[in-house]
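Dear colleague,

Please find below the structure that I am handing over to you. A summary of the findings follows it.

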Amino acid sequence: MSKYIIQGGNALEGSIPVKGAKNSVLPLLAASILTQEPILLQNCPHIADVENMMRILRELGCRTHWQGDSIFVDASDVTNGEIPSALAGELRSSIFLLGALLSRLKWAKVAYPGGCDIGMRPIDIHLRGLRELGVQIKEEAGYLLCEVASDARTADIVLDLPSVGATENLMMASVFCKGKTVLRNCAKEPEIVDLQDFLNAMGASVRGAGGSVIVIEGVDELHGTVHTPIPDRIVAGTYLIGAAMCGGNLTLERVRAEHIASLLAKLSKTACKITTGNGKINLISKGRLNSLDWIETTFYPGFPTDLQTQVLTMQTIARGTCVIVENIFETRFRPVGELRKMGADITVRDKVAVVRGVESLHAANVTAADLRGGASLVLAAMAAHGKSEVREIRHIDRGYEDMSVLLRTVGVDIQRKDE
Ligand code: UD1
């Protein structure tokens with residue numbers, strides 16, 4: 001069991017470079033199997049979810065390895081469409097492979113997905129969309145058995161919700177469908193635009209991403225390319241919130257401020273000074289923050305659920321009371337019990353949390369239960385008085401590269417212990 005030991009109270013001073021977004025790299029790796037030619041993804045994070053996805057790609061017959069911070073993929077020998085449950089259980093993104101495998105091999109056998117245990121995470125929208133494209137799907141003993149029917153077709157599909165994963169899956173499933181596929185009520189996240197850019201760089205014809213209607217004109221084949229995924233807006237947001245809470249002067253490099261406009265708008269109301277430009281975000285925070293009144297998670301470009309627990313953690317030491325409404329995943333408030341051990345005053349009822357800011361948090365030994373909740377506990381420990389331990393940091397390793405190394409470079413007293 002690995003843990004972080006954190007002596008709280010230091011301000012954050014310096015700069016942190018941000019790597020490619022986990023939530024882009026994972027679908028881009030899935031899309032890499034759509035071509036026989038080599039793919040190179042640059043500036044990728046060395047994180048557990050990416051390593052797992054690479055392991056799954058190898059199971060399918062790909063050659064894939066790191067070249068420094070780039071990932072090389074050669075999918076010319078992909079013949080296997082079965083993702084073993086042992087690997088899929090580790091990573092929800094294995095479901096993204098469904099669309100790509102169906103395009104490439106016309107069949108797939110995928111175990112029901114695992115990943116962050118933050119609620120029900122159904123896949124009904126993915127499956128309904130695939131069925132509309134003429135995919136036959138049987139559910140058997142924890143596996144989905146899928147086959148592209150002989151009458152496979154394009155379709156005009158309206159997603160019941162703008163699901164990120166379903167939008168990406170259906171884009172990948174339809175790149176080779178002869179004619180025009182229209183996807184409506186699509187997710188508008190920047191990662192969807194990144195996938196469109198990547199597919200088009202491979203020779204696909206996809207347009208509309210970033211808006212609610214995406215149109216895919218089928219092509220015969222895709223070719224190799226070199227691509228740099230968009231920077232990780234959630235990692236960037238997490239460190240900014242850390243600097244806001246602990247005080248200091250932090251610059252993030254290689255970021256796209258417009259991708260976290262919803263967070264920056266909130267932070268600028270807390271007495272932080274924020275400057276953006278030239279791919280950088282600078283945040284200066286002095287003294288105690290003013291509380292935000294209301295935060296509600298929703299689909300992009302609204303406030304992201306992936307930053308909700310971090311911002312909730314920030315509110316625990318702000319001056320005033322904040323209401324937080326979580327509309328996307330029902331168990332996102334799980335770190336609340338651990339935050340209470342550190343002196344936080346939070347009441348939760350269903351999807352609403354009321355956070356009454358206290359003067360300061362105190363150190364405690366706490367345990368991460370999911371990726372973003374785990375990162376939030378690190379933030380709390382950084383701001384608390386005394387020495388805390390954050391345990392089960394394998395959850396944090398899924399999405400944050402070298403968190404302790406990076407935080408030490410900006411002045412945080414944090415050690416990693418692998419046991
Ligand atoms: C992706 C992100 C995740 C982020 C989430 C929401 C990746 C790898 N993960 O997850 O970090 O928190 O978007 O921004 O990109 N839903 C259904 N049926 C479905 C699919 C989704 O009801 O078939 C619901 C979900 O329960 C949830 C909402 O739709 O309430 C949004 O989920 P979705 O956008 O699909 O999230 P993911 O793609 O799983």
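Which atom of the ligand does a polar side-chain atom of N23 lie 3.0 Å from? The partner of N23 is an oxygen atom of the ligand. Please note that the model is a predicted one.

Two further residues place atoms beside ligand oxygen. D306 has a polar side-chain atom 2.6 Å from an oxygen atom of the ligand, while P122 has a backbone N or O atom 3.3 Å from an oxygen atom of the ligand. On its own the ligand has 740 Å² of accessible area, and the protein covers 88% of this.

The surroundings of the ligand comprise 19 residues, of which D124, S163, V164, D306 and I328 come nearest. By type, the shell consists of 8 nonpolar, 6 polar and 5 charged residues. Two helices, α5 (124-132) and α6 (164-174), each supply at least two residues of this shell. The largest share, 3 residues, comes from α5.

Helix α6 also packs against another helix, α7 (residues 190-201). How are α6 and α7 oriented towards each other? Their axes are 10 Å apart and meet at an angle of about 10 degrees. Because angles under 35 degrees count as roughly parallel, α6 is roughly parallel to α7.

On the α6 side, the contact is made by V164, T167, E168, M171 and M172, and on the α7 side by E191, I192, L195, Q196 and L199. The residues of this contact divide into 6 nonpolar, 2 polar and 2 charged. V164 thus appears twice in this account: in the contact of α6 with α7, and among the residues that come nearest to the ligand.

Yours sincerely

Technical notes:
Residues numbered from 1 in each chain as written. Predicted model: local features only at pLDDT ≥ 70, side-chain atom pairs only at ≥ 80, totals over all residues. Heavy atoms only, no water. Near = heavy atom within 4 Å. Polar contact = N/O pair within 3.5 Å; in protein donor to acceptor, adjacent residues only side chain to side chain. Areas by Shrake-Rupley, 256 points an atom, 1.4 Å probe, with all protein chains shown as cover. Helix = DSSP H or I, 4+ residues; strand = E, 2+ residues; numbered from the N terminus. Nonpolar A, V, L, I, M, F, W, Y, C, P; charged D, E, K, R; others polar. Axes fitted to C-alpha atoms, helices over the stretch in contact; angles between N-to-C directions. Parallel < 35°, antiparallel > 145°, perpendicular 65-115°, else oblique. Contact = heavy atoms within 4.5 Å.
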